[in-house]
Amino acid sequence: MSVEQPVPTGIVPEARRDPMPPALLGVILFVASECVFFAALFGAYFTVRAQAPVWPPPGIEEGLKAWPLPTIATSFLILSSFTMQAAIFAIRRGDQRTMMRLLKITLLLGAVFLGMQGYDYATLGFSIHDTVYGTTFFTMTGFHGAHVAGGLVFIYLMLARGWSGQLTRDNHYALEGAAIYWHFVDIVWIGLFTTLYIVK
C-alpha cells in the first residue's frame with residue numbers, strides 16, 4: 001500500500017492547468033491557415049505592383065481616397081476589436097450583462113463597417129474587371145468582407161449562447177475563440193487599408 005508523500009513546508013504545489021479545449025485549438029489552427037491565405041494575396045499584390053510601370057493604373061487613383069469613408073470604417077472596425085476584448089474581460093469577471101452589451105456593440109460596429117465598405121464599392125469608379133488592380137483590389141477586400149460577415153455570424157451565435165446562459169465565467173472558451181477570429185479580421189484589414197489606400 002503506497003503512502004502519499006507530504007509536500008515539504010514552504011513549497012507550493014504546482015497548479016494544474018486545464019488543457020486547451022479542442023474547439024479553441026481548432027479556431028487557432030483555422031486562423032493560422034487564413035494567415036497563410038491572406039499572405040498569398042498580399043504576395044500576389046506586391047508581385048503585380050512591382051512589375052507594373054505605373055501603379056495604380058491610370059483612372060484608378062481618383063477613386064482611392066482614404067478619407068473620409070474608408071478611414072471612418074476602419075476606425076469602427078478597430079473599435080469593435082476593443083469592445084470584443086472588453087466583453088472577454090467582462091465574462092472573466094462573471095459579468096454576463098456587460099458581456100452581452102459589449103457583444104451587441106461589437107456586432108453593430110462590424111455591420112456598420114460592412115455597410116460602409118459596400119457603399120465605398122459603389123463610389124470607387126472602377127470594378128473588378130478594370131485592370132489587374134481592380135481584380136486584386138476587389139479580391140483582397142472582398143475576401144476580407146466575407147470573413148467579416150462570417151465573424152458577425154460567429155458573434156451572433158455567441159449572443160445566442162449568452163441569452164441561453166451557456167457562457168459563464170468558468171466556461172466561455174467559445175467566446176475566446178470568437179475574439180481570436182475577430183482580432184485576426186481586424187489586423188488583416190489594417191494591413192489591407194494601409195496597403196491599398198495609404199501606400200498604394
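**Exercise 1. Thr131**

Classify Thr131 as buried, partly exposed or exposed in this predicted model, and describe its backbone.

Solution.
Step 1. The relative accessibility of Thr131 is 36%.
Step 2. Buried requires under 20% and exposed requires over 50%. Thr131 therefore counts as partly exposed.
Step 3. Thr131 is found in helix H4.
Step 4. Its phi is near 65 degrees, which is a positive value in a residue other than glycine.

**Exercise 2. Tyr133 and the loop between H1 and H2**

Find which residues Tyr133 is in contact with, leaving aside its neighbours within four places in sequence. Then examine Pro56, Pro68 and Ala52 in the loop between H1 and H2.

Solution.
Step 1. With neighbours within four places in sequence left aside, Tyr133 is in contact with Tyr45, Trp55, Pro56, Pro57, Ile60, Leu64, Phe126 and Leu196.
Step 2. Pro56, one of these contacts, lies in the loop between H1 and H2. The peptide bond that joins Trp55 and Pro56 is cis, with omega about -5 degrees.
Step 3. Pro68 also lies in the loop between H1 and H2. A cis peptide bond joins Trp67 and Pro68, and here omega is about 5 degrees.
Step 4. Ala52 has its place in that loop too. At 25% relative accessibility, Ala52 counts as partly exposed.
Step 5. Ala52 and Tyr133 are 81 residues apart along the chain, and their C-alpha atoms are separated by 9.8 Å.

**Exercise 3. The largest nonpolar core**

State how many residues the largest nonpolar core has and which of them have the most contacts inside it. Then identify the element that gives the largest share.

Solution.
Step 1. The largest nonpolar core has 49 residues.
Step 2. Those with the most contacts inside this core are Met99, Leu103, Tyr133, Phe137 and Leu175.
Step 3. Two or more residues are given to the core by each of helix H1 (22–51), H2, helix H3 (96–123), helix H4 (131–163) and H5.
Step 4. H5 supplies the largest share, 13 residues.

**Exercise 4. H2 against H5 and H3**

Determine how H2 is oriented relative to H5 and relative to H3, and give the handedness of each crossing.

Solution.
Step 1. The axes of helix H2 (residues 69–92) and helix H5 (residues 173–199) come within 10 Å and cross at roughly 160 degrees.
Step 2. Angles over 145 degrees count as roughly antiparallel. H2 and H5 are therefore roughly antiparallel to each other.
Step 3. The crossing in which H2 passes H5 is left-handed. The residues of this contact divide into 16 nonpolar, six polar and three charged.
Step 4. For H2 and H3, the packing angle is about 160 degrees and the axes are 8 Å apart. That makes H2 roughly antiparallel to H3.
Step 5. H2 and H3 also have a left-handed crossing. By class, their contact has 21 nonpolar, six polar and one charged residues.

**Exercise 5. H1 against H5**

Decide whether H1 and H5 are roughly parallel or roughly antiparallel, and break their contact down by residue class.

Solution.
Step 1. H1 and H5 pack with their axes 9 Å apart, at an angle of about 10 degrees.
Step 2. Angles under 35 degrees count as roughly parallel, and H1 and H5 are therefore roughly parallel to each other.
Step 3. H1 contributes residues including Leu24, Val27, Phe38, Tyr45 and Arg49 to the contact. Among those from H5 are Tyr173, Ile180, Phe184, Leu192 and Leu196.
Step 4. By class, the contact of H1 with H5 has 18 nonpolar, three polar and three charged residues.

**Exercise 6. Ala178 and Trp163**

Which of the classes buried or exposed applies to Ala178, and which to Trp163? List the contacts of each, leaving aside neighbours within four places in sequence.

Solution.
Step 1. Ala178 lies in helix H5. At 2% relative accessibility, Ala178 counts as buried.
Step 2. Beyond its neighbours within four places in sequence, Ala178 is in contact with Met84, Phe154 and Met158.
Step 3. The C-alpha atoms of Ala178 and Leu24 are separated by 9.0 Å, the two residues being 154 residues apart along the chain.
Step 4. Trp163 has its place in helix H4. Its relative accessible area is 51%, so Trp163 is exposed.
Step 5. With the same neighbours within four places left aside, Trp163 is in contact with Met100, Lys104 and Tyr156.
Step 6. Trp163 and Ala86 are 77 residues apart along the chain, with 18 Å between their C-alpha atoms.

How values were computed
Residues are numbered from 1 along each chain as its sequence is written. This is a predicted model: local features need pLDDT of at least 70, side-chain atom pairs count only at pLDDT 80 or more; totals for chains, interfaces and linings use all residues. Side-chain values use heavy atoms; hydrogens and water are left out. Axes are lines fitted to C-alpha atoms, for helices over the stretch in contact, and angles run from 0 to 180 degrees between N-to-C directions. Helices (H or I, at least four residues) and strands (E, at least two) are DSSP runs, numbered from the N terminus. Angles under 35 degrees count as roughly parallel, over 145 as roughly antiparallel, 65 to 115 as roughly perpendicular and the rest as oblique. A crossing is left-handed if the near helix is turned anticlockwise from the far one by less than a right angle, and right-handed if clockwise. Ala, Val, Leu, Ile, Met, Phe, Trp, Tyr, Cys and Pro count as nonpolar, Asp, Glu, Lys and Arg as charged, and the others, Gly among them, as polar. A nonpolar core is a set of buried Ala, Val, Leu, Ile, Met, Phe, Trp, Tyr and Cys residues joined through side-chain atoms within 4.5 Å. Buried means under 20% relative accessible area, exposed over 50%, partly exposed in between (1.4 Å probe, protein chains only). Contact means heavy atoms within 4.5 Å.
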